[in-house]
Amino acid sequence: MSEQIGTITPEEVKRRIEQGERLNVIDVREDEEVAAGTIPGALHIPLGQLPERYGEIPRTGEIIVICRSGNRSGRACEYLQAIGFTGLKNMVGGMLAWEKL
């Protein structure tokens, strides 16, 4: 039985960044989506590049994965968990929800 992948709300991410916390955020959207804006400090690794680039992800206690709506980030969390990452959290609602804050 693998650990359940957690979720985090955009509101909580925003609040923690505003409080000065340095979050480990991975943005798995495509280049043109990220060009329109992302969460400050996020590491951009498109979903399709994860198998080659997962070594760039710092293995901290918590890894917040984001995409446009929460679908691709969920798949990214499942993949990363399968290869041994822990502390994964999918940002529910994705950047669509973030932009409404």
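Which pattern does the protein chain follow when read along the sequence?

## Overall architecture

In this predicted model, the order of elements along the sequence of the protein chain is β-α-β-α-β-α-β-α-β-α. The protein chain holds five strands and five helices. Its radius of gyration is 12 Å, close to the 13 Å that the globule rule gives for 101 residues, so the protein chain is as compact as a globular protein of that length.

The C-alpha trace spans about 35 × 25 × 20 Å along its principal axes.

## The sheet

The five strands assemble into an open sheet with parallel pairing, in the order E1-E5-E4-E2-E3. Strand E1 (6-8) and strand E3 (43-44) occupy the edges; each has a single partner strand, so one side of each is left without a neighbour in the sheet.

## Pairing of strand E5

Strand E5 pairs with E1 in the parallel sense, over three bridges. Within this pairing, Ile 8 has Met 91 of E5 as its bridge partner. Strand E5 is also reached from E4 by way of H4, in a β-α-β crossover that is right-handed.

Strand E4 (residues 63-66) and strand E5 (residues 88-91) run parallel as well, and three bridges join them. Here the bridge partner of Ile 63 is Leu 88 in E5.

## Helices against the sheet

Which strands does helix H4 touch? Helix H4 (residues 71-82) packs on the sheet and touches E4 and E5. The direction of helix H4 makes about 170° with that of E5. Helix H4 is thus described twice over: it touches E4 and E5, and the chain passes through it in crossing from E4 to E5.

Helix H1 (residues 10-18) lies across E1, E4 and E5. Relative to E1, helix H1 runs at about 65°.

## Contacts, burial and surface

Among contacts in the protein chain with a separation of 6 or more, 66% are accounted for by residues 24 or more positions apart. Buried residues, those under 20% relative accessible area, make up 40% of the 101 residues in the protein chain.

What is the accessible surface of the protein chain, and what percentage of it belongs to carbon and sulfur atoms? The accessible surface comes to about 5,500 Å², and 50% of it belongs to carbon and sulfur atoms.

How values were computed:
Residues numbered from 1 in each chain as written. Predicted model: local features only at pLDDT ≥ 70, side-chain atom pairs only at ≥ 80, totals over all residues. Heavy atoms only, no water. Pairing = 2+ DSSP bridges. Helix = DSSP H or I, 4+ residues; strand = E, 2+ residues; numbered from the N terminus. Contact = heavy atoms within 4.5 Å. Axes fitted to C-alpha atoms, helices over the stretch in contact; angles between N-to-C directions. Right-handed = clockwise from strand over helix to strand, strands pointing away. Rg over C-alpha atoms; globule rule 2.2 N^0.38 Å. Buried < 20%, exposed > 50% of the residue type's maximum accessible area, 1.4 Å probe, protein only. Areas by Shrake-Rupley, 256 points an atom, 1.4 Å probe, with all protein chains shown as cover.
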